[in-house]
Amino acid sequence: MPELQYNLRVLVDQAAVDITGLDEQLQREKEGVDNLMREKNRLAEQEASHRHELQVMEAITGVLEQVRADEAAGVLTPEALLDTFRELKTRHQEVFDLCGLAWIACEFMRPLMIREFHGWQPLRDPSFGLELMTQWKDFLQHHQHPQHYDFRSDYIDPYTQLLLDVILPVVRATCTNFWDARDPESMLRFLESWEELLPTVVLESTLEDVIMPKLSAAIDSWDREDVPIHAWVHPWLPILGQVRTDTLCHSVRYKLSTVVLRSWQSHDASAYAALSPWKGVFDPASWEAMITRYIVPKLKLSLQELQISPAVNNQELDQFKDQLTGACDKLQFGAATDAVHRASVSSAG
């Protein structure tokens with residue numbers, strides 16, 4: 001009897017081990033089936049996604065081929081092109097950004113814009129094309145960089161590139177050939193009209209490559225009989241920036257020194273009219289140096305040569321000295337004023 005019980009326990013234990021092994025094997029097989037099902041579903045989703053992407057690319061290709069056909073037939077218009085790419089962007093935003101379709105839109109738009117702006121005179125009609133460019137700016141501004149793009153600090157977006165390729169050359173040619181720097185209003189009106197549409201790089205290029213050369217050339221050729229320099233340079237100061245302003249001021253100081261001050265005589269009031277508009281523009285050191293070099297010596301000489309005699313009314317003499325020292329004070333000569341005062345005291349003595 002004990003042997004029978006022992007044998008039964010052995011059989012039961014063995015059966016339990018077998019059942020446990022079979023259960024573990026079943027669980028592994030179930031997990032394998034689950035993994036296979038998940039992989040099957042993943043591949044099915046991937047296949048569906050690829051199929052959708054292929055359909056999207058085929059649709060985009062079809063649209064682009066139609067655009068090329070319209071372009072070749074000469075029936076493509078900026079408005080129709082914008083509507084087409086707006087629809088593409090609305091329907092396929094991710095693919096639009098990934099494939100850089102904004103750049104493709106600009107490639108189609110460039111010849112249309114060149115034709116649209118052919119013969120445009122920015123100085124005469126600064127508002128021409130504003131509505132068209134506003135629409136394209138609104139469309140292209142929301143363009144996202146392609147994910148594979150290697151970002152650089154000098155990256156230029158499609159809209160900016162379009163302006164650099166189309167608008168800036170027209171502005172440069174017009175200004176070079178027709179704009180007189182002594183008449184700032186026409187160019188300022190253009191910049192004011194396009195203020196909201198000009199990216200920083202385009203505005204900077206316009207100022208540096210178009211405005212500055214014309215202003216510098218006009219300053220170099222200026223004669224005292226012409227319109228005063230400040231009348232056509234000062235309107236530019238708020239937008240030129242400090243570096244460009246300093247560059248122009250250097251040229252202006254040289255021109256005033258050689259044309260106005262070198263031959264100036266103390267009895268001539270033209271120096272005050274020519275210099276006073278610049279006292280708040282020139283840096284203090286340059287202002288003081290110019291006055292000390294060109295104005296003060298002639299004022300001192302004039303006072304030293306003043307002949308004092310009984311025939312000269314004291315009141316008239318005082319008025320003369322007051323005029324000289326008053327001019328110094330108005331021009332804010334600083335230390336130079338003291339020199340004139342000392343010279344006046346010396347002449348009176």
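This passage walks through two helix pairs, a few single residues and the cysteines of a predicted model.

Two packed helices are described by the angle between their axes and the distance between the axes. Helix H8, covering residues 200-220, and helix H11, covering residues 242-261, make up one such pair: their axes come within 10 Å and cross at roughly 5 degrees. Angles under 35 degrees count as roughly parallel, and H8 and H11 are therefore roughly parallel to each other. On the H8 side, the contact is made by Glu204, Leu207, Glu208, Met212, Leu215, Ser216, Ile219 and Asp220. H11 brings in Arg244, Thr247, Leu248, Ser251, Val252 and Lys255. Sorted by character, the residues of this contact between H8 and H11 come out as six nonpolar, three polar and five charged.

Helix H5 (residues 130-140) and helix H6 (residues 158-178) give another pair, with axes 9 Å apart and an angle of about 150 degrees. Angles over 145 degrees count as roughly antiparallel, so H5 and H6 are roughly antiparallel to each other. Here Met133, Trp136, Lys137 and Leu140 of H5 meet Pro158, Tyr159 and Leu163 of H6. The residues in the contact of H5 with H6 split into six nonpolar, no polar and one charged.

Staying with H6, what does Thr174 touch beyond its neighbours within four places in sequence? Its contacts there are Trp120, Gln121, Pro122, Leu123 and Trp179. Thr174, which sits in helix H6, has a relative accessibility of 5% and so counts as buried. Its side chain also reaches the backbone oxygen of Val170, at 2.9 Å.

Over in helix H13, which spans residues 284-304, there is Ser302. Is Ser302 buried or exposed? Its relative accessibility is 18%, and the cut-off for buried is under 20%, so Ser302 counts as buried. Along the chain, Ser302 and Gln265 are 37 residues apart, and their C-alpha atoms are separated by 8.7 Å.

That leaves the cysteines. A disulfide is a covalent bond between the sulfur atoms of two cysteines. How many disulfides does the count come to? With a cut-off of 2.5 Å between cysteine sulfur atoms, the count comes to zero. As for surroundings, Cys99 has a relative accessible area of 35% and is partly exposed, whereas Cys249, at 3%, is buried.

Terms used:
Residues are numbered from 1 along each chain as its sequence is written. This is a predicted model: local features need pLDDT of at least 70, side-chain atom pairs count only at pLDDT 80 or more; totals for chains, interfaces and linings use all residues. Side-chain values use heavy atoms; hydrogens and water are left out. Axes are lines fitted to C-alpha atoms, for helices over the stretch in contact, and angles run from 0 to 180 degrees between N-to-C directions. Helices (H or I, at least four residues) and strands (E, at least two) are DSSP runs, numbered from the N terminus. Angles under 35 degrees count as roughly parallel, over 145 as roughly antiparallel, 65 to 115 as roughly perpendicular and the rest as oblique. Contact means heavy atoms within 4.5 Å. Ala, Val, Leu, Ile, Met, Phe, Trp, Tyr, Cys and Pro count as nonpolar, Asp, Glu, Lys and Arg as charged, and the others, Gly among them, as polar. Buried means under 20% relative accessible area, exposed over 50%, partly exposed in between (1.4 Å probe, protein chains only). A polar contact is a pair of N or O atoms within 3.5 Å; within protein, one must be able to donate a hydrogen and the other to accept it, and residues adjacent in sequence count only if both atoms are side-chain atoms.
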